[in-house]
Amino acid sequence: RSATNGEATVKSPITPAERMILDVQQQNNFDREIFLIDSLERTGDLSQMKANYWRSNTYISMSQYRTTEFYLRKVIDANFQNDDDFNTYCRAATSLTTMLLFNNDHEGVLNVASKVVEKIESHKDADKRIIIILLNNIANSQLNLGHIVEARLSYERTFKDRDRKSGSAGM
């Protein structure tokens with residue numbers, strides 16, 4: 001744990017299993033990468049949640065966005081059992097909402113992000129940076145859908161959370 005402006009944040013160390021995946025990623029051998037992830041999940045070296053997150057990373061590298069979304073949604077729909085799962089959940093939430101935003105699926109962003117922000121904020125180790133990214137994605141989607149008043153409120157909340165995180169008084 002490290003203290004950042006009085007907030008505890010948890011950063012998961014890279015496990016040996018994840019190090020192996022990162023090493024295989026450098027080779028751009030996607031079949032081998034998926035095989036490795038599947039194997040590490042079967043042996044218990046990766047939780048199902050982490051395995052699905054790593055699969056999403058592989059499929060996005062292959063530009064297979066629907067498959068990427070499928071695996072990110074599996075992470076989002078799962079219940080986290082520990083802090084490591086929670087960190088994986090947070091990474092998947094930001095990845096999914098950012099991908100949906102990039103693909104102009106603004107309704108999708110609002111459906112996912114509003115649920116996960118609440119879940120993340122209620123966790124004892126909530127990282128404000130994750131919440132800020134999600135709130136910004138919500139505001140961008142609201143703006144793109146023409147929900148100007150809601151977007152303004154979301155942007156205000158985003159900047160309020162950002163300023164609280166950084167300790168600054170505002171802009």
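**Figure 1. Packing of helix α1 against helix α2 in the predicted model****.** Helix α1 (residues 16–25) packs on helix α2 (residues 30–42) with the axes 9 Å apart and at an angle of about 170°. An angle over 145 degrees counts as roughly antiparallel, and α1 and α2 are therefore roughly antiparallel to each other. On the α1 side the contact is made by A17, M20, I21, V24 and Q25, which meet R32, E33, L36, I37 and L40 of α2. Sorted by class, this contact of α1 with α2 comprises seven nonpolar, one polar and two charged residues.

**Figure 2. The loop between α1 and α2, centred on N28****.** Residue N28 lies in the loop that joins these two helices. Its phi is positive, at about 55°, although N28 is not a glycine. The relative accessible area of N28 is 55%; since exposed means over 50%, N28 is classed as exposed.

**Figure 3. The stacked aromatic pair Y59 and Y71****.** The ring centres of Y59 and Y71 are 5.7 Å apart and the ring planes lie at 5°. Planes under 30 degrees apart count as stacked, so the pair formed by Y59 and Y71 is a stacked one. Y59 belongs to helix α3 (residues 48–61) and Y71 to helix α4 (residues 65–77), so that the pair links distant parts of the chain, 12 residues apart. Both residues are buried: the relative accessible area is 15% for Y59 and 16% for Y71. Together with F70, Y59 and Y71 form one aromatic cluster. The count of aromatic pairs comes to five.

**Figure 4. The crossing of α4 and α5****.** The axes of α4 and helix α5 (residues 83–102) come within 9 Å and cross at roughly 140°. The two helices are therefore oblique to each other, and α4 passes α5 in a left-handed crossing. From α4, the residues Y65, T68, E69, L72, R73, V75 and I76 take part in the contact, where they meet T88, Y89, A92, A93, S95, L96, M99 and L100 of α5. By class, the contact of α4 with α5 holds 10 nonpolar, three polar and two charged residues.

**Figure 5. The loop between α5 and α6, centred on N104****.** N104 is located in the loop between α5 and α6. The phi of N104 is positive, at about 60°, although the residue is not a glycine. With a relative accessibility of 57%, N104 counts as exposed.

**Figure 6. The surroundings of L110 in helix α6****.** L110 is placed in helix α6 (residues 106–121). This leucine is buried, its relative accessible area being 17%. Residues up to four places away in sequence aside, L110 touches I138, S141, Q142 and L145. L110 and I138 are separated by 28 residues in sequence, yet their C-alpha atoms are 5.8 Å apart in space.

**Figure 7. Overview of the fold in which the close-ups are set****.** The secondary structure of the protein consists of eight helices and two strands. Read along the sequence, these elements follow the pattern β-β-α-α-α-α-α-α-α-α. Of the 171 residues in the protein, 42% are buried. Among contacts with a separation of 6 or more, 55% are between residues 24 or more positions apart.

Terms used: Residues are numbered from 1 along each chain as its sequence is written. This is a predicted model: local features need pLDDT of at least 70, side-chain atom pairs count only at pLDDT 80 or more; totals for chains, interfaces and linings use all residues. Side-chain values use heavy atoms; hydrogens and water are left out. Rings of Phe, Tyr and Trp (its six-membered ring) pair if their centres lie within 6.5 Å; planes under 30 degrees apart count as stacked, over 60 as edge-to-face and the rest as tilted. Helices (H or I, at least four residues) and strands (E, at least two) are DSSP runs, numbered from the N terminus. Buried means under 20% relative accessible area, exposed over 50%, partly exposed in between (1.4 Å probe, protein chains only). Axes are lines fitted to C-alpha atoms, for helices over the stretch in contact, and angles run from 0 to 180 degrees between N-to-C directions. Angles under 35 degrees count as roughly parallel, over 145 as roughly antiparallel, 65 to 115 as roughly perpendicular and the rest as oblique. A crossing is left-handed if the near helix is turned anticlockwise from the far one by less than a right angle, and right-handed if clockwise. Contact means heavy atoms within 4.5 Å. Ala, Val, Leu, Ile, Met, Phe, Trp, Tyr, Cys and Pro count as nonpolar, Asp, Glu, Lys and Arg as charged, and the others, Gly among them, as polar.
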